[in-house]
Amino acid sequence: MRQWLASNSLARLKQLSSSITIALVFLSHNIMADETSSLGSNQPHNVNDKPYVLLISIDGYRHDYNKVHQPKFLNNFASNAATITQLTPSFPTVTFPNHLTLVTGLYPSNHGIVANRFYNPTLGRHYALSDHDAVTDGRFYTGVPLWSLAAQQGMKSATYFWPGSEAEIAGFRPTYWKRYDGRVANETRVEQVIEWLKLPETQRPQFVTLYFSDVDSAGHHHGPLSQQTHDAVNYIDKVIASLIEQVNALPYAVNIIITSDHGMAQVADFERIYTDKLFADDEALKSRFSFINDAAFSLVRAHGNNKDQDLIALEKLVAATDGLAFYRKESIPKHLEYDFNPAIGDAILVTHDHYITSSDAKPGVKGKHGYYAEVMPEMNAILFAQGPAFNQQASIAQAKNIHLYPLIAYILHLPITEPIDGKIEVLSPLLKP
Ligand code: AMP
Ligand code: ZN
Ligand code: ZN
C-alpha cells in the first residue's frame, strides 16, 4: 500500500480531496495511473523515510502579529517558510471549534463542537471547555481527528494539549496525550515533545501537537496591541525558538507547522448588547428563551410550547436593536457554513461591532474573537511551515483553515477515510513540487 501511495501521487491527491472511501480510491488508482501528477513526480520525501509533523498552535496569534510585535525567531522562521498570510478561521472564530476544524478538516457544525459552550439536545448534555467530563466525552465529537486517522493506520501520535485530544473519537485517542492543565509551564511542554521525538523509532509518534495559550490570554486581558501582548508574543517566540533548535538537532527531519486558531480584535469600546434586556417588560417571553453568549454571537434556544411564535417575537425585538442580526437555524447565511447541527439551537444572534453579553455577566474583556472573519479581518490566523515536505518559498495570501487536514494527511501518507470539508488542492501549492 505504501508503495502504491508513493508510485502515484495523483491518486493520493485525488483520494485525499475527494471524500471517498479507501476502497473506492484503490479502484480509481487504475483509472488515473497514466495521468501526470499536479504535484510532480518527486515525492516530498523518500518512501523509506518516515514522515513527521509537529503542529504548534499559538492560541489567538493574529495574522499580523509578526509585523506588529516583531518576534525575532518567528519573523525569521516565516521568512524561510511556506506561509499562508491570512489563515481564515471558521465561524464562530473561537478556540474549541477552530482547533477541532484544524485537526478534522470539518466546519464546526460538522465536527460537533459548535462553540466553546453549547447544549447538545441529542445527548441532553451541556458542553463547555472548562467541563472535564464534557470535553472527554467522545459522543460530542464527529469526524476523524488526525491522531485517530493515524491510529487507524497504525501510526503513533502525541498531543501536548489540543482541544478534543482527551476524548476517544472515531475509536481512538492520541497514543500519548495529556490532561489539559493551563498551569503546566510551556518549557515543560517543550521538554516532553522533545522526549517523545527522541523515543526509539517503534514508539516514536509521527504526528505531534503542542499548544500555547499565553498570547490569547494577553490579547483578551490587555488588547491585541498592548505591551502585555507584545511581551507574550516575544516570550512564546523564545519558547518556540528553543523547541525548534532542539527539533532541528534530531537525526531525522520534521515538518514543523506553526499556526493559530483565530486572531483578536480590540473590543474595549464596543457597545454592549444585553440579551436579557432585549425583552423590555415581557418577562414571560424572556423566560421561554435561553442564550449562550460569547460576545460576537449567541446561541438561542426556545423552550416554550409555541416556539415558532416566540422566535417570530424575538426576531422583531432583535430587528429593533442596533448592531444585531438574528438568524433562524434554517436561514443562517451560507457563507458562515454553520448549519444542520441541533447543538446550534433554534437561532443565533450575530454582531459585527457590538459585544453580546447579559447584564449579570462579569465585565467584558479588552480583546475578543468569535466575530466572522469576512467582516473583521483581525480574526485571521497564521500558518508558517518548514520541513522536507514544504516549498519554503511558497506563499498563499488567504485560505480557510478547513484545508489543513488533507495537507497534513498527505504529508503523513495517511489516506482519508471519511468525507471532509477541506480540499488538498487549496494548500498543495505549499508543498515541494
Ligand atoms: P477562548 O475562550 O476561545 O479564548 O479559549 C481559550 C482558552 O481555552 C485558553 O485560555 C484555555 O484556558 C482554554 N483551553 C485551551 N485548550 C484547552 C483544552 N485542551 N482543554 C481545556 N481548555 C482549553
Ligand atoms: Zn483560541
Ligand atoms: Zn481567546
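# Confidence, zinc site and sheet in a predicted model

In this predicted model, the chain has a mean pLDDT of 90, and 89% of its residues reach 70 or more.

Me: Over which residues is the pLDDT below 50?
Reply: The stretch in question has 71 contacts in the model beyond near neighbours in sequence. Where pLDDT is low, however, the predicted coordinates should not be read in detail. The residues with pLDDT below 50 are 1-47.

Me: Which residues coordinate the zinc ion (ligand 2)?
Reply: Along the chain, the donors of this ion follow the spacing D-x35-T-x165-D-H. The coordination distances run from 2.0 to 2.7 Å, and the donor atoms are OD of Asp59, listed twice, together with OG1 of Thr95, OD of Asp261 and NE2 of His262. The coordinating residues are therefore, with donors counted within 2.8 Å of the metal, Asp59, Thr95, Asp261 and His262.

Me: How many residues apart are aspartate 59 and aspartate 261?
Reply: Aspartate 59 lies in the loop between strand E1 (53-58) and helix H4 (65-69), while aspartate 261 lies in the loop between strand E8 (255-259) and strand E9 (265-266). The pair links distant parts of the chain, and the separation is 202 residues.

Me: Is aspartate 59 buried or exposed?
Reply: The cut-off for a buried residue is under 20% relative accessible area. Aspartate 59 has a relative accessibility of 1%, so aspartate 59 counts as buried.

Me: How far apart are the zinc ion (ligand 2) and the zinc ion (ligand 3)?
Reply: The zinc ion (ligand 2) has Asp261 among its coordinating residues, and aspartate 261 is itself buried, with a relative accessible area of 0%. The distance between the zinc ion (ligand 2) and the zinc ion (ligand 3) is 4.1 Å.

Me: Why does leucine 210 count as buried?
Reply: Leucine 210 sits in strand E7 (residues 207-212), and, leaving out residues up to four places away in sequence, leucine 210 touches residues including Leu55, Tyr160, Trp162 and Val193. The C-alpha atoms of leucine 210 and valine 193 are separated by 7.7 Å, although the two are 17 residues apart along the chain. Leucine 210 counts as buried because its relative accessible area is 0%.

Me: Which strands are the edge strands of the open sheet of four strands?
Reply: The strand order is E11-E12-E14-E13, with antiparallel pairing. Strand E12 (residues 297-302) pairs with strand E14 (residues 347-351) over four bridges, and serine 298 has leucine 349 in E14 as its bridge partner. The strands that pair on one side only are E11 (289-293) and E13 (324-328).

Notes: Residues are numbered from 1 along each chain as its sequence is written. Chains are lettered from A and ligands numbered from 1 in the order in which they are written. This is a predicted model: local features need pLDDT of at least 70, side-chain atom pairs count only at pLDDT 80 or more; totals for chains, interfaces and linings use all residues. Side-chain values use heavy atoms; hydrogens and water are left out. Two strands pair if DSSP finds at least two bridges between them. Helices (H or I, at least four residues) and strands (E, at least two) are DSSP runs, numbered from the N terminus. Buried means under 20% relative accessible area, exposed over 50%, partly exposed in between (1.4 Å probe, protein chains only). Contact means heavy atoms within 4.5 Å. pLDDT is the predictor's confidence in each residue, from 0 to 100. Donors are N, O and S atoms within 2.8 Å of the metal (3.2 Å for Na, K and Ca); water is not among the atoms, so sites may look incomplete.
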